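Please read these points with the model open beside you, and look up each residue as it is named.

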Amino acid sequence: MPNSPSSDGTALTGIDLSKTFRLRDAALGWRSLRAVDGVSFEVGWGETFGIVGESGSGKSTIGKLLLKLTDATGGNIILDGVHIEAMNERQFRPFRKRIQIVFQDPLSAFDPRRTVVDSVSETMRLSSLAPKERTKAVDRLLDEVGLDPALGRRYPRQLSGGQLQRASIARALAPGPDIVFLDEPTSALDVSIRGQVANVLRDRQEQRRLAYVLVAHDWSVVEFLADRIAIMYLGEFVEVGYKRQCLGRPLHPYTRALMTSAGRIGSSQPIRLRGELAPIAGEGCRLGGRCPLVQSRCSEPQKLIEYEAGHWARCWRAPELGANQAVAAPL
Amino acid sequence: MRQAGPSEALLSIRNLDIEIGYGADKHYPVQDVDLTVPSRQVSGLVGESGSGKSLTALAVVGMLPQSARQISGTIEFADIDICHAEESHLQRIRGRQIALLFQNPRASLHPLKKVGSQIAYLAMRHQHLSRASAWNHAIDLMAAAGISEPKARAGDYPHQFSGGMAQRAALAMALACSPELLIADEPTSGLDTTLREQIVELLATQVRDRKMTVLLITHDIGLIKHHTDTVTVLYAGRIMEAGATRHVLSSPRNPYTRELMRADQQVDGTRMYAIPGNVPPVLPRWTGCPFSSRCDLATDVCREVLPPLRLIAGREVACHHAE
């Protein structure tokens, strides 16, 4: 299992996590969808674990599992040494404040009929603070994320996307979490202010030693915030490693393809996929049908293998791809 | 781009002003915008949300939302005065001479009609093809748009299409009457990264093969850089810089263009670059430079006097300090 570098235990561990949805199809038959399929990871204190993938890869389902918004079909989730996967809602409640989430679209994440301050202080209602203290604490939080507390008295519609996303960070921090799940925190923002929010996230992490699980498709943000990265395709991690490894010497064709389309790979080794993400039958590589490097051996099941210390890939051709250094150097 | 000369411009917008709302709520999302789209070129319109780029495009086809009014300016498309054209005339232009491609393909496809019939309808309506030949035409277009097994897929409904396939279908629909001008408004924003390139490539080939003119509206500087001949940079309803893409992006002269490119690219280890401040959500009638509150170089003159577009280094720049 891909391990985290932290020496003093991990904030969050997922072991062989799976989630299968049962869907009713148009013909009224049942079929199952393996949204997350045997995913393992560790996130250390103060560390950011980035998950990159396209829509339908299962990134957001991981978030739902971690927050126990849906129950895992299999596997374990260990939050600071405690198994939470089998807990019921009552048992999990004390842990809720320790793991929080920031959503992609801040406008839909806030109640339009309550002021921002009201929404932020809601998460502190169960704390022992007196109402007055609570207001002070909220103002302090808003100040921490760089939002003028006066703006907090406004309604969500009256703030810009960037301001409102700062408010959602403040809300996520309000209960004093250890872990924050960031679900595309900058995707709904304009390029010119994306960095403001990314910087706030980084500063808060350094100050509070927060563990982040970051889901994003924007390489600049992943590169800026993440320490380690997992690339996800159809419910599986296809590559896991330190940022330097994954961005500098990607081992999996899918990682290379994502970087090619983001204009982040040298012209010597671009990989362009055919078609689009679609579930496949069989036990072989799930990218098989789209991958330009596909060979007969790809129809065998592919395991996540550690090719260099901390750098894992799920492709038998990884050594060959890794030998090719023709990649634009990150950072 | 202005040097192109009036004879070569397929679309020409002059002093376009659009207002929204009434009384104290009145605001001005598009202010004094000039835009020339030279024939058989790809022109880019780049800006952040709220810059007025989409409203400008809607004004071209006379499809402004009801809350918005065009208060002045002229729009000429192939010698037709769009602003004074009858609705029935506009209906004949839309789809046949000017086609639109939007960000969300599902919004431009009727959910209860077969994809093939929607494409065929355009050919029947505008080109008066028979039902059977329109259907075959639709299948050809879907094949050209990169949809595999077009014969079978033509009988499918939009919900049976994935996001990428739906955008291909929307493109097939846009191409149905071989329009002279294609307005593509964020055509790839809703798509996954690996699909974006496929769609843009497809768009580029079709445009070349059919000798179309394209107005590409996007917030993505990468797209502008690789796929447009000319670019117009909008900020808060006004043009900041306009000219040949290779000039503008290689040596931007307006501080906003410069900052936007920097925010797009720059990560320096511990800080990610961002332009300080926010795009104003509601736009007043500007009396100074709209970017002055966020600009490093701003002086009193920037805050008080609206910078006119000046010709500098082969492109037009609205900045008092540009040289």
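The points below take up the contact between the chains, then one helix, then the nonpolar core.

1. This is a predicted model, and a good place to begin is the contact between its chains, to which chain B gives 26 residues and chain A gives 26 residues. On the side of chain B that touches chain A, α8 (193-210) and α11 (255-265) each supply at least two residues, and the largest share, five residues, comes from α8(B). Sorted by class, that side of chain B has ten nonpolar, nine polar and seven charged residues.

2. The next point concerns helix α4 of chain B, residues 115-127, where a simple check of length can be made. Its 13 residues, taken at 1.5 Å a residue, should span 18 Å, and this agrees with the end C-alpha atoms, which are 18 Å apart. After α4(B) comes His128(B), which has a positive phi, near 55°.

3. Which residues of α4(B) are buried? They are Val115(B), Gly116(B), Gln118(B), Ile119(B), Ala120(B), Leu122(B) and Ala123(B), and what covers them includes α5 (131-144), α6 (150-153) and α7 (163-175) of chain B.

4. The largest nonpolar core has 193 residues, and those with the most contacts inside it are Leu214(A), Ile231(A) and Ala169(B). The largest share of this core, nine residues, comes from α7(B).

5. Ala169(B) deserves a look of its own: leaving aside residues up to four places away in sequence, Ala169(B) touches Pro105(B), Leu109(B), Val115(B), Met142(B), Ala145(B), Ile147(B) and Phe161(B). One of these, Val115(B), is also among the buried residues of α4(B).

Technical notes: Residues numbered from 1 in each chain as written. Chains lettered and ligands numbered in written order. Predicted model: local features only at pLDDT ≥ 70, side-chain atom pairs only at ≥ 80, totals over all residues. Contact = placed C-beta atoms within 7 Å. Helix = DSSP H or I, 4+ residues; strand = E, 2+ residues; numbered from the N terminus. Nonpolar A, V, L, I, M, F, W, Y, C, P; charged D, E, K, R; others polar. Expected span 1.5 Å × (residues − 1). Buried ≥ 20, exposed ≤ 12 C-beta atoms within 10 Å, placed from the backbone. Core = buried A, V, L, I, M, F, W, Y, C linked by C-beta atoms within 7 Å.
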